[in-house]
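User: Could you take a close look at one part of this model for me? I'd like to go through the aromatic rings and how they sit together, and then whatever else stands out.

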Amino acid sequence: MVLPTGKVVGRVAALVAGGCTVQPRGGFFAAYRLMARLAASRPSIADRVSASGFRRVLPEPIAEATVAGGVRCAVMPEVVAALSEMDAIGELRRYPGPVLLFNGARDPFRVDERRFLAAAANARLVVVPRRGHIGIIAETAMLAGLVTTAVASAASQPSRSRGNHQPTPDPKPPR
């Protein structure tokens, strides 16, 4: 999660982020790193498996649009490396604007959603029943409604940049 900074913050109505409320660490992240390495070692096979997964989980028009945009598993190790260097919760603490987080109830990338929610001064969390990490994009009307509501809510606030943002301390990580 890369958040707007500097002069850009005041021009951002709201941050809307989905499927990304996991802090990269521990066994979960080690497994993700391994999967990325495996996918990059055989990218054409991984690309086909990913495209097949999209087609299995998503309605045909959404799956085809997703696949047409390109599936490139060869870049997964670079993505994982970049994720391992970022502190998304720290970034959220510094972001002064409103935040809407959304996840599918079956999304494995939602394990830290409560920590992400606590980190932002003005945040809301929506969990979509019966959806996973990829399947949530099939809920196009609901997602459009979330974005519309987030923008309308941000527009009704007195200041978009809310310079009075107070950081929220991290809860102790689970052991």
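Analyst: Here's a walk through the ring pairs, followed by a loop and the nonpolar core. Keep in mind that this is a predicted model.

Let's start with the rings. There are 3 aromatic pairs in the structure. In one of them, the ring centres of F28 and F109 sit 5.4 Å apart with the planes at 80°, so this pair is edge-to-face. F28 belongs to helix α1 (residues 26-41), while F109 is in the loop between β2 and α6, so the pair ties together parts that are 81 residues apart in sequence. How exposed or buried are the two partners, F28 and F109? F28 is partly exposed, at 36% relative accessibility, whereas F109 is buried, at 15%, because the cut-off for buried is under 20%.

F29 and Y32 make another pair: their ring centres are 6.3 Å apart and their planes are at 45°, so they count as tilted. Both are in helix α1, 3 residues apart, or about one turn of the helix. F29 is buried, with just 7% relative accessible area, and Y32 is partly exposed at 23%. Put the rings together and you get a cluster: F28, F29, Y32 and F109 are linked through ring pairs.

Now for the loop between β3 (123-128) and α7 (140-155), which is where R130 is found. R130 has a positive phi of about 60°, even though it isn't a glycine, and it is exposed, with a relative accessibility of 62%. R131 is in the loop between β3 and α7 as well, but this residue is partly exposed, at 23%. What does R131 touch beyond its sequence neighbours? Leaving out residues up to four places away, its contacts are G104, A105, R106, D107, I136, A138 and E139. The C-alpha atoms of R131 and A105 are 5.7 Å apart, though 26 residues separate the two along the chain. The R131 side chain also reaches the backbone oxygen of G135, at 3.4 Å.

Last, the core. In soluble globular proteins, nonpolar side chains tend to be buried together. Here the largest nonpolar core has 14 residues, and the members touching the most others are L15, L92, Y95, V99, L101 and F116. Two or more residues each come from β1 (15-18), α5 (88-94), β2 (99-104) and α6 (113-119).

Conventions:
Residues numbered from 1 in each chain as written. Predicted model: local features only at pLDDT ≥ 70, side-chain atom pairs only at ≥ 80, totals over all residues. Heavy atoms only, no water. Core = buried A, V, L, I, M, F, W, Y, C linked by side-chain atoms within 4.5 Å. Buried < 20%, exposed > 50% of the residue type's maximum accessible area, 1.4 Å probe, protein only. Helix = DSSP H or I, 4+ residues; strand = E, 2+ residues; numbered from the N terminus. Contact = heavy atoms within 4.5 Å. Polar contact = N/O pair within 3.5 Å; in protein donor to acceptor, adjacent residues only side chain to side chain. Phe/Tyr/Trp six-rings, centres within 6.5 Å; stacked < 30°, edge-to-face > 60°.
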